[in-house]
Structures are given as C-alpha cells and as structure tokens.
Amino acid sequence: MADKRVIAVVGATGAQGGGLARAILADGGAFTVRALTRNAASDKARELAAQGAEVVEADIRDEARLTEAFDGATHAYLVTNFWEHMSPEQEKQDAATMARAAEKAGLRHVIWSTLDDTRDHIPLDDERMPTLMGQYKVPHFDAKAEADRFFIDAGVPTTFLRTTFYWESLLGRLAPKRGEDGRLVLALPMADGKLAGIASEDIGKTAYGIFKRGDELAGRTVSIAGEHLTGVEMAAHLSKALGEEVGYVPVPFDAMRAQPWPAAAELGNMFQFYAQVPQFVTDRDLDVVRGLNPELQNFEQWLAAHKTALAGI
C-alpha cells in the first residue's frame, strides 16, 4: 500500500466523488482513495471506511485544513455543490480555495469538475433568455467555467472535466408524472433537442479513467455524457422500463422559468441552453468517454439499474 498513489476525493460521500471513490476501491490497482468529507461519522463516510478508504474530515472553505488533508496525496478530484448555497461568488471562492490548497500541497494532477460557459454561445445581450444576477445566463455553469482560471493561474496540472445532466434528476422533481387522465407524462423544457445525460456514478468512473492515463490529459478539457436523447426518445425508453406508455410534453422555457420554486429561472435557462446549443452535444463524444470508462451506461441500462426507484413513480 505504501507505494500506491493517493487520490484525495473532495465530496467523497456525494454523487460524483462517491462514484470515483467506489471505482478506486473496486479496482484495487495503483491508487488508493482518501475520502474527504465534512462529517467522517456519517453513514456514507463509515461505509467508505469499511470498504478500505482513508476517511479525512475537511471543509473546502478551510484552506489550511484542506491543504493538510491533501498532504501526501498525489492526485485530487475537486467538486463544489452550487445548490447548497446557490451563489456564483461563493462557487468561485470555493474553487479558488481548492486551487490554492492543491498548489501548496504540490499535487501532481487534479480533476476539476466544471461546466461550459453558456455565454460563449448565448451572450448576455442575447434576448432569447433573460440575464440572471446581472452577469450570467446559467449561473452555476458560468461560475464554474470562470473558476477554471484559478487552477491555470495556480499552475496546478488540471484536467477540466465538463459534466452534464444527471439522469438521477428523473427520480425527483423531473420524474414522469400522471396527468388527470392517469397517463404518465415526461415534461421537460427541451423542445425537440437532444439532452446529453449521464449516470452520476459514471462521472466518477470516467474521472478514474482519466487518472489512470497518467499525465496524458492534464491541461486538457474532457466533456462527458452517457447518451444523447430527445425527449421523445427518453419517453420511449421510460415506457419500456415501466411497462406502460410515457408521453413526452415539451414544456415552454418561459413556463419553466415561471415555476414557484428556487432556481426555476436558472433551470429554465439551463434547459434552453441544452436545447438550443447543439455544440453542447457534439462536444461530448461518447466514444471518447467509453475509452476512459468502458462500463459507461446508456439510458436504457441506467433505467434497468433503477427499477426499484422508478417503480415508486
């Protein structure tokens, strides 16, 4: 174990970091996992420890503690949770703190979980969608993209892993719902565009594939997805998985933005970006992703793995 390289995983009890931690543990290869979490006593942290992970308490807003937690590691996976605070400025501060800690600890290679800058495709003066907070189109995308520069400026060898829509969202607020006629409907603001989706577990598995390539992808951007599907195609797969017809209803973008819950405007803009910027899909070459993660799931496989959860819809 002493000669193995250590990957410090921020958010190891979350969706992305958890997938990476489990991939490292299952592989038993040249890497070991140091699971960073704010609560080492949580059930998920204890589960990782029982499986052989080194569990360390650290908060990404405590630079000194984070630097200490990185000490002795060679690699790190760095992710933030925008939805915890919904502040683009906090998002950028957290990324800057991680970049400084990574530089101080002398990490050889980090992966920063980031997203595309939507303003490269839909400028602030583009009236197709409203500008939010005065300077963003989709704040959680744009803030992560802006934060890329902190890793570049710190001189940390970084792979910029551009993620995408989690299919797990279809088990929550975006799950198919029954109409008054009793029929299931998948209502998404995607018009007839293709949605680049992925199983959250595959984000971590793909990140592990990047680390296993050595330094090959340091300094590069890798954009990922599991499959690109229209709403009609997703509804067809759901119909097969659930054993009953699921219809697709394309929700107008403005109707999504008008919903009475936090972040409705942001998510309306996000889906409009997905639907109206085809480059988001073309940038995500599924063959490249499979080369990094041969176990990459498509939507049908993800649905089969979540039959129990889907049965509760």
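Start by selecting the residues around the largest pocket: 47 of them line it, and Thr80, Asn81, Phe82, Trp83 and Tyr166 lie nearest its centre. Keep in mind as you click around that this is a predicted model.

**The pocket**

If your viewer can fill the space, expect about 1200 Å³ in this largest pocket. Now colour by element. α1 (15-27), β2 (31-37), β5, α5, β7 and α9 are the ones that give two or more residues to the lining. Which element supplies the largest share of the lining? That would be α9, with four residues. Colour the lining by residue class next and you should get 21 nonpolar, 18 polar and eight charged residues.

**Helix α9**

Since α9 came up, select residues 264-276 and hide the pocket surface. The helix has 13 residues, and from the first C-alpha to the last it reaches 18 Å, close to the 18 Å expected at 1.5 Å a residue. Is α9 mostly enclosed or mostly open? With 10 of its 13 residues buried, it is largely enclosed by the rest of the structure. Show those buried side chains as sticks: Ala264, Glu266, Leu267, Gly268, Asn269, Met270, Phe271, Gln272, Phe273 and Tyr274. Then bring the surroundings back to see what covers them, which includes α5 (139-154), β7 (165-166), β9 (184-188), β10 (194-198), α8 (253-257) and α10 (279-282).

**The nonpolar cores**

Time for the greasy parts. In soluble globular proteins, nonpolar side chains tend to be buried together. Here, the largest nonpolar core holds 55 residues, and those touching the most other members are Leu20, Leu36, Phe70, Tyr77, Leu78 and Leu161. Pick out α4 as well, as this helix gives the most to that core, with six residues. Apart from this core lies another, of 39 residues; select Val138, Phe280, Leu303 and Leu310, which are among them.

**Arginine 108**

Last stop: go to the loop between α4 (88-105) and β5 (109-114), where you'll find arginine 108. How exposed is arginine 108? Its relative accessible area is 45%, so it counts as partly exposed. Show its contacts, skipping neighbours within four places in sequence, and you should get Arg5, Thr74, His75 and Pro157. To finish, draw a distance between the C-alpha atoms of arginine 108 and valine 9: they are 99 residues apart along the chain, and the separation is 14 Å.

Terms used:
Residues numbered from 1 in each chain as written. Predicted model: local features only at pLDDT ≥ 70, side-chain atom pairs only at ≥ 80, totals over all residues. Heavy atoms only, no water. Expected span 1.5 Å × (residues − 1). Buried < 20%, exposed > 50% of the residue type's maximum accessible area, 1.4 Å probe, protein only. Contact = heavy atoms within 4.5 Å. Core = buried A, V, L, I, M, F, W, Y, C linked by side-chain atoms within 4.5 Å. 1 Å grid on protein atoms, 1.4 Å probe; cavity = no way out; pocket = protein on both sides within 12 Å on 5 of 7 lines; lining within 4 Å. Points joined across faces, edges and corners; volume = space filled by probe spheres on them. Nonpolar A, V, L, I, M, F, W, Y, C, P; charged D, E, K, R; others polar.
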